[in-house]
Number of protein chains: 2
Amino acid sequence: MRDLADRLDLLALNGATVRERWRLPEIVDGCARHGFGGIAPWRDQLQVTGTGTAARLIRDAGLRVSGLCRGGLLTAPDEAGRRAAIDDNRRAIDEAAQLDAECLVMLAGGLPGGSRDLRHAWRQVEEGLAAILPHARAAGVPLAIEPLHPMYAADRCCVNLLSHALDLCERLDPENQGGIGVAIDVYHVWFDPGLDAQIARAGEAGRILAFHVSDWRVPTRDLLLDRAMMGDGAIDIPRIRGRVEDAGYDGLVEVEIFSQHDWWRRDAEEVLTIVAERFRTVV
Amino acid sequence: MRDLADRLDLLALNGATVRERWRLPEIVDGCARHGFGGIAPWRDQLQVTGTGTAARLIRDAGLRVSGLCRGGLLTAPDEAGRRAAIDDNRRAIDEAAQLDAECLVMLAGGLPGGSRDLRHAWRQVEEGLAAILPHARAAGVPLAIEPLHPMYAADRCCVNLLSHALDLCERLDPENQGGIGVAIDVYHVWFDPGLDAQIARAGEAGRILAFHVSDWRVPTRDLLLDRAMMGDGAIDIPRIRGRVEDAGYDGLVEVEIFSQHDWWRRDAEEVLTIVAERFRTVV
């Protein structure tokens with residue numbers, strides 16, 4: 001397990017963490033000033049700044065891109081919607097390639113249009129991933145399926161366990177040619193009694209493409225926008241990081257905090273200072 | 001799979017569903033008037049009415065008790081707390097026996113006192129269950145471990161998957177002598193890709209002690225108190241009920257809705273009418 005005390009070069013800041021305060025150029029600048037090693041922009045942030053400009057700013061700042069947020073959302077109520085989603089994912093892959101992103105983070109998508117058919121949604125996700133995987137491979141941008149916490153199953157992401165994400169990887173890439181893997185976010189997976197085994201399984205197949213941290217607030221006041229800063233919540237982050245690194249992961253550790261009541265309201269400079277401090281001490 | 005259209009005798013109403021409007025005697029009376037077959041009181045409701053009085057009212061009304069809510073909460077920061085929890089569970093078992101309850105619903109408990117050690121909490125749960133199981137067996141009240149949705153892992157219940165609950169059953173009762181099983185609540189388990197397999201596993205061992213229904217609201221505005229009425233949410237309830245009944249369950253179907261913004265504000269008579277209608281048509 002790596003000692004992070006002097007390794008801010010391993011810290012990547014997810015752009016959502018200060019999205020209410022800074023646009024992408026300021027985030028890039030802030031990450032560089034604080035000595036962070038990477039950044040994970042969101043596509044809407046790219047659109048404001050322009051992908052070409054963003055790519056240049058990030059490169060000039062010497063930052064790696066731990067992942068582009070986000071692709072996926074592959075469930076849809078009709079064929080036109082599914083095709084539009086696939087096309088949009090191809091564009092996301094191209095943007096990720098322009099940024100030299102280490103992966104495209106993939107959210108499965110929820111139950112489409114009031115459906116209750118989870119199995120149908122799962123099939124749509126698998127078929128959608130199969131449709132875009134060749135483009136991702138050609139572009140050199142691996143797809144990182146991120147299982148989201150089960151509380152998002154209905155409206156955001158119907159792939160909620162690491163075991164499910166890895167099942168998808170194995171079915172879509174049975175010979176392990178690569179191009180598809182998982183993003184492991186402690187916020188989404190920490191409760192799972194099968195987590196250690198699934199991390200090991202992911203590592204053995206070389207499928208851990210990203211590792212994200214934040215913390216689980218007690219009480220959680222909002223399902224989406226109430227994540228805690230690392231160290232302020234219930235998750236034993238070092239334990240999970242240890243398992244992920246034991247499994248062979250040696251990439252960036254991405255900090256991603258959605259927090260409408262707290263961190264999004266604070267001065268972004270202060271947020272980056274605290275992110276750095278917590279990264280060095282409690283991650 | 002049973003046809004519920006004319007089987008209100010299979011409907012048990014969980015006392016929480018109308019707790020803001022009615023005390024236990026009114027709930028018993030309401031259930032009887034509407035032709036429901038059962039009721040599931042909460043211990044705080046028993047305390048107000050008196051367990052002896054409640055038992056008599058329920059018996060006189062011809063209602064079955066699908067379960068007593070609730071035992072468990074077996075995690076604690078120190079030995080005194082753990083012992084107090086075990087003693088309290090013994091009292092809960094005695095109350096359940098007085099009511100002729102078909103099970104005592106067990107919530108594991110969350111991470112005690114700011115702990116982040118999930119494994120330690122899991123061990124406490126297992127040891128606590130082991131400590132009370134003999135009393136439950138002697139009293140003829142089976143313990144029904146209810147896996148709660150993973151969003152409650154930190155503060156309420158660290159057993160969040162049916163597979164985990166069944167692992168506990170198998171370790172605590174390896175020779176399947178009985179006295180311990182699971183309560184399956186669609187609200188807590190619907191997202192799980194392993195659900196069908198785990199329901200079958202539970203059924204094979206004769207461990208399905210209770211089956212609860214409500215629905216998952218989109219969006220969910222509160223982690224605890226925003227459940228939907230059956231038919232108004234994302235869960236394919238008949239599908240899950242079919243699996244549970246295919247696995248051999250032939251007991252009551254308990255309706256349990258926590259809903260501070262909607263159902264708790266409505267007239268209780270109206271709630272029971274709608275519960276009955278939905279039970280007959282969409283459960």
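**Exercise 1. Find the residue that stands opposite A:Phe211, and say how the strands pair there.**

*Solution.* Start at A:Phe211 in this predicted model. Look across to β9(A): the residue standing opposite A:Phe211 is A:Val253. Now zoom out to the strands. Strand β8 of chain A covers residues 208-213, strand β9 of chain A covers residues 253-255, and the two pair in the parallel sense over three bridges.

**Exercise 2. Work out in which order the strands of chain A line up in their sheet, and which strands sit at the edges.**

*Solution.* Walk across the sheet strand by strand. Nine strands of chain A form an open sheet, in the order β3-β2-β1-β9-β8-β7-β6-β5-β4. The pairing is parallel. At the edges you meet β3 (64-65) and β4 (68-72) of chain A, each of which pairs on one side only.

Next, try chain B. Its nine strands also make an open sheet with parallel pairing, ordered β3-β2-β1-β9-β8-β7-β6-β5-β4. The edge strands of chain B are β3 (64-65) and β4 (68-72), each paired on one side only. For a closer look inside this sheet, take strand β6 (residues 143-145) and strand β7 (residues 180-185) of chain B: they pair in the parallel sense over three bridges. Here B:Ile145 stands opposite B:Val182 in β7(B).

**Exercise 3. Describe how α6(A) packs against α5(A) and against α8(A): is each pair oblique or roughly parallel?**

*Solution.* Two packed helices are described by the angle between their axes and the distance between the axes. So let's collect those values for each pair.

Step one is α5 with α6. Helix α5 (residues 118-139) and helix α6 (residues 162-172) of chain A pack at an angle of about 50°, with axes 11 Å apart. α5(A) and α6(A) are therefore oblique to each other. Their crossing is right-handed. On the α5(A) side, the contact is made by A:Glu126, A:Leu129, A:Ala130 and A:Leu133, and on the α6(A) side by A:Leu168, A:Arg171 and A:Leu172. Sorted by class, this contact has five nonpolar, no polar and two charged residues.

Step two is α6 with α8. α6(A) and helix α8 (residues 195-204) of chain A pack at about 25°, and their axes are 9 Å apart. That angle makes α6(A) roughly parallel to α8(A). This time α6(A) passes α8(A) in a left-handed crossing. A:Leu162, A:Ser163 and A:Leu166 of α6(A) meet A:Leu195, A:Gln198, A:Arg201 and A:Ala202 of α8(A). The classes in this contact are four nonpolar, two polar and one charged.

**Exercise 4. Now hop to chain B: at what angle do α4(B) and α5(B) pack, and which residues meet?**

*Solution.* Angle and distance come before the residues. Helix α4 (residues 79-98) and helix α5 (residues 118-139) of chain B pack at an angle of about 30°, with their axes 10 Å apart. That makes α4(B) roughly parallel to α5(B). α4(B) passes α5(B) in a right-handed crossing. Among the α4(B) residues in the contact are B:Ile86, B:Asn89 and B:Ile93, while α5(B) brings residues including B:Gly128, B:Ala131 and B:His135. The contact divides into eight nonpolar, four polar and three charged residues.

**Exercise 5. Hunt for backbone oddities: where are the cis peptide bonds A:Cys69 to A:Arg70 and B:Val218 to B:Pro219, and where is the positive phi of A:Asp100?**

*Solution.* Most residues other than glycine have a negative phi, and most peptide bonds are trans. With that in mind, visit each spot.

- A cis peptide bond joins A:Cys69 and A:Arg70, with omega about 0°. A:Arg70 lies in strand β4 of chain A.
- From B:Val218 to B:Pro219 the peptide bond is cis, with omega near -5°. B:Pro219 lies in the loop between β8 (208-213) and α9 (237-246) of chain B.
- A:Asp100 has phi near 60°, a positive value in a residue other than glycine. You'll find A:Asp100 in the loop between α4 (79-98) and β5 (104-107) of chain A.

**Exercise 6. Put the chains together: what rotation superposes chain A on chain B, and how many residues does each chain bring to the contact?**

*Solution.* A rotation of 180° with 0.0 Å of shift along its axis superposes chain A on chain B (RMSD 0.0 Å). The two copies are thus related as by a two-fold rotation axis.

Then look at where they touch. The contact takes 23 residues from chain A and 23 residues from chain B. On chain A's side, these are 15 nonpolar, four polar and four charged residues. Finally, 100% of the interface residues of chain A are also interface residues in chain B, so the copies meet through the same surface.

Methods: Residues numbered from 1 in each chain as written. Chains lettered and ligands numbered in written order. Predicted model: local features only at pLDDT ≥ 70, side-chain atom pairs only at ≥ 80, totals over all residues. Contact = placed C-beta atoms within 7 Å. Nonpolar A, V, L, I, M, F, W, Y, C, P; charged D, E, K, R; others polar. Least-squares fit on C-alpha atoms with pLDDT ≥ 70 in both. Axes fitted to C-alpha atoms, helices over the stretch in contact; angles between N-to-C directions. Helix = DSSP H or I, 4+ residues; strand = E, 2+ residues; numbered from the N terminus. Parallel < 35°, antiparallel > 145°, perpendicular 65-115°, else oblique. Left-handed = near helix turned anticlockwise from the far one by under 90°. Pairing = 2+ DSSP bridges.
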